[in-house]
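Student: Could we go through this protein together, step by step?
Tutor: Gladly! Please open the structure and keep the sequence beside it.

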Amino acid sequence: MDIWLGQVGSGTQIHAYDPGITGNNGLFWVIPIPEDSVTLGDEDDEHDEHSEASAARLHLTNIHLRDATTNGNSIMLDLGLGGDPSQAHPAEVTSLDIRWNPVEKINDPQNGFRGKFTQTRAITEWSARTGDFTYVSDPGITSVDIFSLLGRERNGVFFR
């Protein structure tokens, strides 16, 4: 998750929250999450006037990360290619809440995979802290979603 002053890519990135790159298995900015942080349907799906019931939800709290200030600095540090360690600080995403709401069913086995997909509308809100800096997003209901898709697929050796 990144914070920019101005348009993304404009050279004005001020925060780059990520867990780093795991050298042994090639995972790039990925961390394991507790199994109970993902729910389907309305099970335990609390909502109020700022949200709505969802088809699926990812809810995480207190995710310990690093704020490397920029994505470039993060990559350079993790790959041992330089970077500026003085610009990397311990950080915490205090909450992340994404809800996917169903819109339309899609099933397309003709393109090298078999799956059942649901095009959704994703609602996201999050907050983070680095030292004395705290960021809190607008309420999730104000999210602008361009395209979201959830589903199960079978491909490769699992395609039957």
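Tutor: What follows is a set of questions and answers about this predicted model.

Student: What pattern of helices and strands does the protein follow along the sequence?
Tutor: Let's begin with the inventory: the secondary structure comes to one helix and eight strands. Reading along the sequence then puts these elements in order, and the pattern is β-β-β-β-α-β-β-β-β.

Student: Is strand S2 mostly covered or mostly open, and how many of its residues are buried?
Tutor: A residue counts as buried when its relative accessible area is under 20%. Strand S2 spans residues 13-18, and it is mostly covered. Of its six residues, the number buried is five.

Student: Which residue in S2 stands opposite Asp2?
Tutor: Start with the two strands involved. S1 (residues 2-4) and S2 run antiparallel and are joined by three bridges. Across this pairing, the residue opposite Asp2 is Ala16.

Student: S2 also pairs with S4, so which residue is the bridge partner of Asp18 there?
Tutor: S4 covers residues 56-67, and its pairing with S2 is antiparallel, over two bridges. One position to look at is Tyr17, which stands opposite Asp67. For Asp18, the bridge partner in S4 is Arg66.

Student: Where does Leu40 sit, and which residue of S4 stands opposite it?
Tutor: Leu40 belongs to strand S3, residues 38-40. S3 is joined to S4 by three bridges, and the two run antiparallel. Opposite Leu40 in S4 you will find Ala56.

Student: Is Leu40 buried or exposed?
Tutor: The cut-off to remember is that exposed means over 50% relative accessible area. Leu40 has a value of 52%, so it counts as exposed.

Student: How much area does the nonpolar surface patch with Leu40 have?
Tutor: First find the members on the surface: Ile31, Ile33, Val38 and Leu40. Together they make a nonpolar patch of about 320 Å².

Student: Is Val30 buried or partly exposed, and what is its relative accessible area?
Tutor: Val30 has its place in the loop between S2 and S3. Leaving aside neighbours within four places in sequence, Val30 is in contact with Pro19 and Gly20. Partly exposed is the class between under 20% and over 50%. Val30 falls in that class because its relative accessible area is 41%.

Student: How far apart in space are Gly72 and Gly83?
Tutor: Gly72 is in helix H1, residues 71-78, and is partly exposed with a relative accessible area of 40%. Along the sequence, Gly72 and Gly83 are 11 residues apart. In space, from C-alpha to C-alpha, the separation is 7.8 Å.

Student: Which residues touch the most other members of the largest nonpolar core?
Tutor: This core has 15 residues. S4, strand S5 (89-107) and strand S6 (114-130) each supply at least two of them. The members that touch the most others are Tyr17, Val93, Leu96 and Trp126.

Student: Which residues does Leu96 touch, beyond those up to four places away in sequence?
Tutor: Look around Leu96 and start with the low numbers: Met1, Leu58, His59, Leu60 and Ile63 are among its contacts. The rest of the list is Thr124, Glu125 and Trp126.

Student: What share of the protein's contacts with a separation of 6 or more comes from residues 24 or more positions apart?
Tutor: We have just met one pair of this kind, since Leu96 touches Met1. Now take the protein's contacts with a separation of 6 or more as the total. Residues 24 or more positions apart account for 58%.

Methods
Residues are numbered from 1 along each chain as its sequence is written. This is a predicted model: local features need pLDDT of at least 70, side-chain atom pairs count only at pLDDT 80 or more; totals for chains, interfaces and linings use all residues. Side-chain values use heavy atoms; hydrogens and water are left out. Patches are made of residues with over 30% relative accessible area and no salt bridge: like charges are joined within 9 Å, nonpolar side chains (Val, Leu, Ile, Met, Phe, Trp, Tyr) within 5 Å. Accessible areas come from the Shrake-Rupley method with a 1.4 Å probe; for residues, only the protein chains shown count as cover. A salt bridge is a side-chain nitrogen of Lys or Arg within 4 Å of a carboxyl oxygen of Asp or Glu. Helices (H or I, at least four residues) and strands (E, at least two) are DSSP runs, numbered from the N terminus. Buried means under 20% relative accessible area, exposed over 50%, partly exposed in between (1.4 Å probe, protein chains only). Two strands pair if DSSP finds at least two bridges between them. A nonpolar core is a set of buried Ala, Val, Leu, Ile, Met, Phe, Trp, Tyr and Cys residues joined through side-chain atoms within 4.5 Å. Contact means heavy atoms within 4.5 Å.
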